[in-house]
Amino acid sequence: MANIIYLDNAATAKVDPEVLDSYNQITLKYFANPSSIHSLGQEASRLLDKSREQILNVLKLTHHEVIYTSGATEANNLAIKGYCFANRTRGNHIITSVSEHPSVLNTVLELKDFGYEVTILPVNEKGAIEVNSLKAAIKENTILVSLMMVNNETGAINPIKEIGKYLKKFPKIAFHVDMVQAMGKLPLDLENIDMFSIAGHKIHGLLGSGLLVKEKKIILKAINNGGGQENNLRSGTNALALSASLAKAVRIAISNQAKDYEHVKALSKKLLDYLKDNQDKYLINSHFEENPYIVNFSLRNHKASVVVEALSNRGIMVSSLSACHAKHEDYSAVVYAMTNDLNIAHNTIRVSFGRDNTLEEVDELVKNLEQIIKEIKQ
Ligand SMILES: Cc1ncc(COP(=O)(O)O)c(C=O)c1O
């Protein structure tokens, strides 16, 4: 299909050619197993260590370690199960929120079967959690709070900084943050966060790469057993080329964050201006203009799935639901939690921008939306 307009960057973002180039070169040159003791293996091992250091330097972290994973799903599972299993004697209560990605929510829910108690915080009408509801949920047996910084469907921003500061009063509680939709997009304040997860493919890195960063003092239990790689926390031969190219993707994302942000802000403003001028047709579900990367809106009078398909037939890629829900549910649980309105939750469209999008592409999206809605009416 010629001239595709790709506006689904929150699902996955096109790989940066520089990152791919790194991946290819490392695959060919450093092909030895980093655990092998011969010199080629040791060279690979040194490169792996260097890539961890690069990530920590770029993120300005000094008391942390990097655990490479296959993506954020695995990183979230390791953080949550790993922490709860290793710290069972300290308590068994976990706090999370209704708007979390399934890799957090379903992991926490599974722990109920292992005797853990779970509190799921609601979100307010803007889609974010309230600090007071978190404060009220903390109990004597609470050991873990796991929240996302940015919601993948609406772009809502949680008050992570304030929560992290508050949780410092409770040394027994670890704070895990799913940073997937925030990394490289918003300025990050990582102070007072004990663990956070990242996915390579959301920051123009490669699919299959991800990481969990944690404070060294946080104790986890491995969730898969094997040869003890990644400091005994994630066994399996390290995919060095994925790991080292992820370090490059993180570096590029952080160094371009401010520039990309300004660019994307202009794109989302254009789309939001159009939606605000047409509120008889659209209800805007994204209430944080500080996060221009995701614009979520509902069609008041039409089926989102029909409009998304029609846009796709015209070469414009947006989502009706986030990719991880699209095949299982037919409405957005996050938008439902915010609005309590099934019609609105059924008919959401998510436009998610990336650094390669242009103002002309936003014009095309708006023009085609108008045409499609007119055609459906006729
Ligand atoms: C907020 C958030 N967390 C976790 C994930 C899971 O990432 P992955 O599919 O790379 O494992 C996603 C992916 O959509 C996400 O948006």
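Ala, Val, Leu, Ile, Met, Phe, Trp, Tyr, Cys and Pro count here as nonpolar, Asp, Glu, Lys and Arg as charged, and the others, Gly among them, as polar. With these classes in hand, the surroundings of the ligand can be described for this predicted model. The shell around the ligand holds five nonpolar residues, eight polar ones and one charged residue. Which residues come nearest to the ligand? Of the 14 around it, these are Gly71, Ala72, Thr73, Asn152 and Ala199.

The overall layout of the chain comes next. The domain assignment gives domain 1, made of residues 5–12 + 256–367, and domain 2, made of residues 17–253. Taken over C-alpha atoms, the centres of domain 1 and domain 2 are separated by 27 Å. The two domains also touch: 22 residues of domain 1 are in contact with 27 residues of domain 2. On the side of domain 1 that touches domain 2, the elements giving two or more residues are α8, β10 (294–299) and α11 (333–339). Among these, α11 supplies the largest share, four residues. Sorted by class, this side of domain 1 has ten nonpolar, ten polar and two charged residues.

The interior can be followed through its nonpolar cores. The largest nonpolar core has 76 residues, and Leu144, Val177 and Leu211 are those with the most contacts inside it. Helix α8 (residues 240–277) provides the largest share of this core, with ten residues. Both domains take part, since at least three residues of the core come from each of domain 1 (5–12 + 256–367) and domain 2 (17–253). A second, separate core has 25 residues, including Leu7, Tyr293, Ile294 and Ala304.

Leu144 deserves a closer look. Which residues does leucine 144 touch, leaving aside those up to four places away in sequence? The list consists of Ile80, Tyr83, Cys84, Ile94, Ile173, Ala174 and His176.

Finally, there is strand β2 (residues 64–69) and its surroundings. Is strand β2 largely enclosed or largely open? Five of its six residues are buried, so strand β2 is largely enclosed by the rest of the structure. A residue is called buried if 20 or more other C-beta atoms lie within 10 Å of its own. Strand β2 pairs with strand β8 (residues 210–215) in the antiparallel sense, over six bridges. Within this pairing, isoleucine 67 has leucine 212 of β8 as its bridge partner.

Technical notes
Residues are numbered from 1 along each chain as its sequence is written. This is a predicted model: local features need pLDDT of at least 70, side-chain atom pairs count only at pLDDT 80 or more; totals for chains, interfaces and linings use all residues. A nonpolar core is a set of buried Ala, Val, Leu, Ile, Met, Phe, Trp, Tyr and Cys residues joined through C-beta atoms within 7 Å. A residue is buried if 20 or more other C-beta atoms lie within 10 Å of its own, exposed if 12 or fewer, and partly exposed in between; C-beta atoms are placed from the backbone. Domain bounds come from an automatic or database domain assignment. Two residues are in contact if their C-beta atoms, placed from the backbone, lie within 7 Å. A residue is near a molecule or strand if its C-beta atom, placed from the backbone, lies within 6 Å of it. Two strands pair if DSSP finds at least two bridges between them.
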